[in-house]
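Open the model in your viewer and keep the selection panel at hand. The stops below go from one selection to the next.

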Amino acid sequence: MGTDSIQPDHTVAYPLGSDEKAGCLMLFGNPERADKLAILCAGFPNDHACFYPLASRLAKEANCLAGVMCIPGYDDRSPERPWTSHPKNGYTFDEWVHALREAILALRQYSNDPKNQQPQQPRPQLLLTGIFHDWGVIPGLMHTNRVLLQTPTTTTTSDGDSSTNHDPARLDQLVLLDVLVDPHPNHPGLHDIIVPKQPSLFRQVYKTVTTLAYRILLAKVYVTQRYISKHVALLQFGFGFGLLGLLGLSPGRAMDDKIVQDLHLNPFRVMYMAYPYYGLIKSRVWGTFQRDFYGCHLPLDLKATPVLYMYGLNKNIMFHPDRAVALLEQANPRGKVIAMEQAGHWLYISQPELCFQAIQEFITSQK
């Protein structure tokens with residue numbers, strides 16, 4: 001993937017669960033010169049490194065201070081604290097949202113005070129873009145909507161001047177990569193959109209079966225390694241995905257398979273990283289989905305929080321609802337939807353130049 005030669009300019013810790021320094025934010029760029037901010041988070045089975053090339057270019061070519069985090073439990077944290085020291089049960093989705101919030105606050109703190117000198121005159125709050133891929137989209141949207149539901153506070157000075165104080169962890173705009181969720185059922189523009197012709201019944205059934213197959217397999221692998229045996233889980237992992245490939249039920253194609261192989265991840269670590277699939281299925285079975293994923297929908301006001309959505313077409317199934325794409329195409333005046341022919345799930349790796357150009361144009365055009 002060519003990330004070995006790219007290293008962050010600085011790292012800062014942020015709270016994760018009960019540990020005040022368990023999270024690690026990899027920073028790219030000069031905080032004293034940057035005129036915009038970005039927070040990046042990928043998903044399964046990636047740690048920080050997959051976003052290093054993009055973050056580095058944003059810093060150098062878009063005058064951006066970029067902070068890269070990852071899904072809790074997906075990083076080694078430090079040589080002294082390997083992935084095996086993460087909670088065996090993984091993290092809750094609320095803990096994901098809290099981790100993202102803390103990472104954003106750490107990014108803003110470093111932007112305002114990189115030398116930790118507590119200046120009396122803080123810098124103006126810079127525009128903040130959230131860039132999320134795969135599972136990273138989930139906490140990105142949950143955090144965005146939960147913050148937007150809060151009521152801004154108003155401060156009045158002794159001179160009688162008042163100012164509105166927005167949450168410093170607020171995301172001003174979103175870049176979502178290859179994964180999208182449904183709009184809120186009460187979204188104001190939902191009833192006016194025109195959804196393109198639905199795919200054939202066969203394609204709809206194929207997408208449903210393929211999605212359930214790989215999610216259930218990953219959930220079972222996680223449960224097996226957690227409660228029975230990691231070696232039994234390894235056999236289940238290899239045999240299961242081999243069978244899905246033979247049956248043509250793999251969500252990705254050769255392009256994405258090659259990218260995953262190039263990660264050279266410890267298979268036991270990958271099986272642990274499957275914990276959110278177990279959490280997702282458990283929330284469906286126990287009827288806690290609405291509570292566990294509160295705020296997981298597209299922003300209600302797409303003019304105030306514009307969205308750039310990019311996805312790859314070189315996959316067996318798409319990871320988005322058609323009406324969500326239609327909404328972003330028709331009721332997202334400051335955003336955009338881009339489909340890439342020669343890209344799969346990891347489009348920012350297979351098509352780095354096209355992705356960077358689109359993201360650079362998006363984040364520099366917003367005011």
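Select Leu37, Arg108, Ser111, Asn112, Pro124, Gln125 and Leu126: these residues line the second largest cavity. The model is a predicted one, and the volume of this cavity comes to about 40 Å³. Colour the lining by class and you should get 3 nonpolar, 3 polar and 1 charged residues. Which helix gives the largest share of this lining? Helix H2, residues 93–112, supplies 3 residues.

Stay on H2 and show the strands under the helix. H2 lies across S1, S2, strand S3 (36–41), strand S4 (64–69) and strand S5 (128–133). Its direction makes an angle of about 140° with S1.

Next, go to the largest cavity. The structure holds 2 cavities of 30 Å³ or more, and the largest has about 50 Å³ of space. Select Tyr14, Leu16, Ala22, Gly23, Cys24, His48, Cys70, Pro72, Asp75 and Ala99 to see its lining. Two elements, strand S1 (10–16) and strand S2 (19–28), each give two or more residues to this lining. S2 contributes the most, with 3 residues. By class, the lining of the largest cavity has 7 nonpolar, 2 polar and 1 charged residues.

Now select S1 and S2 as a pair. The two strands run antiparallel and are joined by 6 bridges. One place to look is Ala13, whose bridge partner in S2 is Cys24; Cys24 is also among the residues lining the largest cavity. S1 and S2 form a hairpin with 2 residues between them. In that turn, click on Gly17, which has a positive phi of about 65°.

Zoom out to the whole sheet. It is an open sheet of 8 strands with mixed pairing, in the order S1-S2-S4-S3-S5-S8-S9-S10. Why is one side of S1 and of strand S10 (336–340) left without a neighbour in the sheet? Both strands stand at the edges and each has a single partner strand, so one side of each has no neighbour there. Looking along the sheet, expect a twist that averages 20° from one strand to the next.

Move to the S10 edge. Strand S9 (residues 307–312) and S10 run parallel, with 5 bridges joining them. Select Leu308 and you will find Lys336 of S10 opposite.

The last stop is helix H12, residues 352–365. H12 lies across S3, S5, strand S8 (173–177), S9 and S10, and runs at about 170° to S9. Show H2 again for reference: S3 and S5 are among the strands that H2 lies across.

Note on methods:
Residues are numbered from 1 along each chain as its sequence is written. This is a predicted model: local features need pLDDT of at least 70, side-chain atom pairs count only at pLDDT 80 or more; totals for chains, interfaces and linings use all residues. Side-chain values use heavy atoms; hydrogens and water are left out. On a 1 Å grid over the protein atoms alone, a cavity is a set of points where a 1.4 Å probe fits but cannot get out, and a pocket is an open set with protein on both sides within 12 Å along at least five of seven lines; lining residues have an atom within 4 Å of a point. Grid points are joined across faces, edges and corners, and a volume is the space filled by probe spheres set on the points. Helices (H or I, at least four residues) and strands (E, at least two) are DSSP runs, numbered from the N terminus. Ala, Val, Leu, Ile, Met, Phe, Trp, Tyr, Cys and Pro count as nonpolar, Asp, Glu, Lys and Arg as charged, and the others, Gly among them, as polar. Two strands pair if DSSP finds at least two bridges between them. Axes are lines fitted to C-alpha atoms, for helices over the stretch in contact, and angles run from 0 to 180 degrees between N-to-C directions. Contact means heavy atoms within 4.5 Å.
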